[in-house]
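Please walk through the model below, beginning with one side-chain contact and ending at a pocket. A few residues are taken in turn along the way.

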Amino acid sequence: MRVLQRYKAGYEALDAKAIAAVYPAANVASLQSALNQLSKLSYDVKLHVDGIVIAADGQTASVTASEAYRSIPKIGSASPQTGTVVFTMRKTGGAWTIQSVKSDTRN
């Protein structure tokens with residue numbers, strides 16, 4: 001949960017480096033470029049009760065959640081988006097990080 005809270009906080013702060021701290025595979029430059037087009041972004045992740053599957057070795061996990069976000073561009077407008085997201089996570093050195101994010105509503 002802490003990793004997902006930090007991921008959410010990074011998006012809401014429009015801070016690609018904060019996102020990359022928990023999602024090292026993120027392309028910081030292109031993500032920051034996209035975030036710079038926004039004046040605000042609200043992001044909410046809700047875990048499904050059966051949505052956390054930890055592998056037998058305790059080192060990887062799959063987390064399925066509902067997501068809702070609304071980005072407010074500096075110019076124009078955008079509709080709220082909702083969908084399902086699957087986070088693939090890995091535990092390294094006692095800390096969890098996001099390895100991949102698959103969303104049915106965004107890239």
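In this predicted model, the side chains of T97 and Q99 are joined by a polar contact of 3.0 Å. T97 belongs to strand β4. Its relative accessibility is 17%, and because buried means under 20% relative accessible area, T97 counts as buried. Beyond its neighbours within four places in sequence, T97 is in contact with V22, P24, T88, M89 and R90.

M89, one of those contacts of T97, also appears at the second largest pocket. Together with M1, R2, V3 and W96, M89 lies nearest the centre of that pocket, whose lining has 17 residues in total. The elements giving two or more residues to this lining are the helices α1 (2-12) and α2 (16-22) and the strands β1 (38-54), β2 (60-73) and β4 (95-103). Which of the elements gives the most to the lining? It is α1, with four residues. By residue class, the lining of the second largest pocket divides into 13 nonpolar, two polar and two charged residues. The space in the second largest pocket comes to about 330 Å³.

Between α1 and α2 there is a loop, and L14 is placed in it. Is L14 buried or exposed? With a relative accessible area of 18%, L14 is buried, since the cut-off for buried is under 20%. The backbone of L14 has a phi near 55°, a positive value in a residue other than glycine. Most residues other than glycine have a negative phi.

Note on methods: Residues are numbered from 1 along each chain as its sequence is written. This is a predicted model: local features need pLDDT of at least 70, side-chain atom pairs count only at pLDDT 80 or more; totals for chains, interfaces and linings use all residues. Side-chain values use heavy atoms; hydrogens and water are left out. On a 1 Å grid over the protein atoms alone, a cavity is a set of points where a 1.4 Å probe fits but cannot get out, and a pocket is an open set with protein on both sides within 12 Å along at least five of seven lines; lining residues have an atom within 4 Å of a point. Grid points are joined across faces, edges and corners, and a volume is the space filled by probe spheres set on the points. Ala, Val, Leu, Ile, Met, Phe, Trp, Tyr, Cys and Pro count as nonpolar, Asp, Glu, Lys and Arg as charged, and the others, Gly among them, as polar. Buried means under 20% relative accessible area, exposed over 50%, partly exposed in between (1.4 Å probe, protein chains only). A polar contact is a pair of N or O atoms within 3.5 Å; within protein, one must be able to donate a hydrogen and the other to accept it, and residues adjacent in sequence count only if both atoms are side-chain atoms. Contact means heavy atoms within 4.5 Å.
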